[in-house]
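The following account is intended for a reader meeting this structure for the first time. Please keep the sequence and the three-dimensional view at hand while reading.

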Amino acid sequence: MRTRGAFFLLVAAGVAPLAAQDAAAAPDGAQIFQTVCSACHTVNPPPKAAPPMSHATSFYLQQHQTPEAAAAAIVAYVKQPDSTRSALPAHAIARFGLMPSQAHLTDAQLAAVASYVLTLADTTHRMPMGPPGAP
Ligand code: HEC
């Protein structure tokens, strides 16, 4: 069956190395980004199937007091995307659709990739109207 073949290819290409990582010490956020997230997210514009990661994470840094709080919010969102909790301007979901849940990753993998994607943030990027409470 064609879909089944494609599924096994995906497993061979992506999930198996991630699963193997579990046995090792800490998951590698950069590798998870390359293997999983970069299927939809570029780092910088132009976008693919999702907002560029440097833009998406800049909103989290603007809306949270600490990088740790921003990372926790990213983990919560990517586990269970919900438009009411989106940190992005509304036009992002209107344009790209809601992100599919990444709950297939472990909590440790999600924490590692959230910390990594925050290092990509373009802190000069601002919402056109400015985020709530921003100067
Ligand atoms: C199948 C495509 C796809 C994959 C894979 C994907 N994303 Fe997304 N992501 C999207 C889309 C579409 C949006 C914009 C809509 C939204 O925010 O829900 C988005 C939005 C986001 C946002 C902003 C969320 C918000 O609205 O506040 C973050 C952060 C994010 N992605 C991180 C990740 C990380 C980290 C990974 C890898 C673990 C990942 N994404 C994998 C499609 C994807």
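The paragraphs below turn to confidence, the core, one enclosed helix, a loop and the ligand.

The structure is a predicted model. Its chain has an average pLDDT of 85, and 75% of the residues reach a score of at least 70. Residues 7-13 should be read with this in mind: their pLDDT stays under 50, and the model gives them two contacts beyond four places in sequence.

The largest nonpolar core is a convenient place to begin. This core has 24 residues, of which I74, V113, A114, V117 and L118 touch the most other members. Helices α2, α3, α4 and α6 each contribute at least two residues to this core, and the most come from α6, which supplies seven.

Two of these core members show what lies around them. A114 belongs to helix α6. With 25 other C-beta atoms within 10 Å, A114 counts as buried, because the threshold for a buried residue is 20 or more. Leaving aside residues up to four places away in sequence, A114 touches A71, I74 and V75. A114 also illustrates how the fold brings together separate parts of the chain: A114 and P67 are 47 residues apart in sequence, yet their C-alpha atoms are 9.8 Å apart in space. V113, for its part, touches G29, I32, F33 and C37, again not counting residues up to four places away in sequence.

Helix α3 is the next element to consider. Of its 11 residues, which span 53-63, eight are buried, so the helix is largely enclosed by the rest of the structure. The buried residues are M53, S54, H55, A56, T57, S58, F59 and Y60. What do the buried residues of α3 pack against? They pack against α4, residues 67-79, and α6, residues 107-119.

The loop between α2, residues 29-35, and α3 contains P46. The peptide bond that leads from P45 to P46 is cis, with an omega near 5 degrees.

The ligand completes the tour. Around the ligand there are 27 residues, and those that come nearest are C37, C40, A50, S86 and M99. Two or more residues of this shell are given by each of α3, α4, α5 (90-96) and α6. Which classes of residue make up the shell around the ligand? The shell has 22 nonpolar and five polar residues, and no charged residues. Helices α3, α4 and α6 thus appear both among the elements that supply the largest nonpolar core and among those that contribute to the ligand shell.

Terms used: Residues numbered from 1 in each chain as written. Predicted model: local features only at pLDDT ≥ 70, side-chain atom pairs only at ≥ 80, totals over all residues. Buried ≥ 20, exposed ≤ 12 C-beta atoms within 10 Å, placed from the backbone. Helix = DSSP H or I, 4+ residues; strand = E, 2+ residues; numbered from the N terminus. Contact = placed C-beta atoms within 7 Å. Near = placed C-beta within 6 Å. Nonpolar A, V, L, I, M, F, W, Y, C, P; charged D, E, K, R; others polar. pLDDT = per-residue confidence, 0-100. Core = buried A, V, L, I, M, F, W, Y, C linked by C-beta atoms within 7 Å.
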